[in-house]
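Reader: I am new to this one. Could you show it to me and explain the words as we go?

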Amino acid sequence: MVKDQSQGESTTGVSEWKQKPPYLVHDENKDFDVKYEANCHCGRVKYQLSRREPLDSKLCHCTTCQVQHAAPFQWAAIFHKTDINFTNGHHDLEWYDPTEKSIAHTLPCKVRCSYCHSPIMDEGRNMILLFPSLVHLKTDEDKAYFKPRCHMFYGQRVMDIPDGLPKWTGLSGASDLIEDSPPDQVRELERKREAERTKKLEKGAEKVTKEGSGANTK
Ligand SMILES: [Zn+2]
Ligand SMILES: [Zn+2]
C-alpha cells in the first residue's frame, strides 16, 4: 500500500501531495518565472526552477550520502519548495525514508526517478535539497551561483579537499570547523563571497536595464 504512493495513481487523483509544493504542477498560463531547466538521467523526470541563486550550496561527506549516492560526497543546493515546478514525470518519483529505512513519503526523505533511479532531491520539512548535477547550468555566472560554499560532515570524509572552503565536522554552522578552515579565514571568505555576489547582482541589474527586459533581477 505504502509502496505505491507515487506510482499507479491517475493524474487527476486527489492525493494531497500533488496539490502542494514541491510537487504542485503549475498551469501553463500560471506565472512561473523559469530560471533553470533540469532533468534526471533518463529524462522522464523534468523540472524548472524559478530562483536564480540557491539559498545555499553544500558538499556533504556523511556516510549516509556516501552510500545513497555511491560517491565520496554529495553536492546539494537548497531551495524553497515553491521554487520548483515539475514539468514531467512527477508521478514517476520514488520516495525513501532513510530514518525508517522504508519506502515512504515521510519527511525528510530521498526522492529519485523510479525509472533510472537518479537522485532528484532530498525533501525536508521546509526546504528541498536539489542535486545540481541535474540542472542545466549554461553560463559561468550560473555555475558561480551554484558553487559549493562549504563542506559538512567533513569528519566522515573519504578524501581531503584542500579548497579553502569552510569545513564542518558535522552539520554546517552547528559543529566545529576543521582542517584548512580556521574561523577568521571562513569569515574572510564569506565577506569576499558576499562582495562578489553584490557586484554580480549590480552587474546583472545593469545588463537587464540595458536590455530593457524589466528591473527584476532576482
Ligand atoms: Zn529518470
Ligand atoms: Zn550527507
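Author: Gladly! Two strands pair if DSSP finds at least two bridges between them; strands (E, at least two residues) and helices (H or I, at least four) are DSSP runs, numbered from the N terminus. This is a predicted model, where local features need pLDDT of at least 70, side-chain atom pairs count only at pLDDT 80 or more, and totals for chains, interfaces and linings use all residues. Residues are numbered from 1 along each chain as its sequence is written, while chains are lettered from A and ligands numbered from 1 in the order in which they are written.

Reader: What makes β8 and β9 antiparallel partners?

Author: Three bridges join β8 (residues 119-123) to β9 (residues 127-130), and the two run antiparallel. The definition asks for at least two bridges, so β8 and β9 pair. Within β9, Leu-129 is the bridge partner of Asp-122.

Reader: Why do β6 and β10 count as edges of the sheet?

Author: The open sheet of seven strands is ordered β6-β7-β8-β9-β4-β3-β10, with mixed pairing. β6 (93-96) and β10 (150-152) each have a single partner strand, so one side of each lacks a neighbour in the sheet.

Reader: Why is Lys-101 called exposed?

Author: Exposed means 12 or fewer other C-beta atoms within 10 Å of a residue's own, buried means 20 or more, and partly exposed lies in between, with C-beta atoms placed from the backbone. Lys-101 has 8 such neighbours, so Lys-101 is exposed.

Reader: And what makes Phe-153 buried?

Author: Phe-153 has 24 C-beta neighbours inside 10 Å, so Phe-153 counts as buried. Phe-153 also has a positive phi of about 50°, although it is not a glycine.
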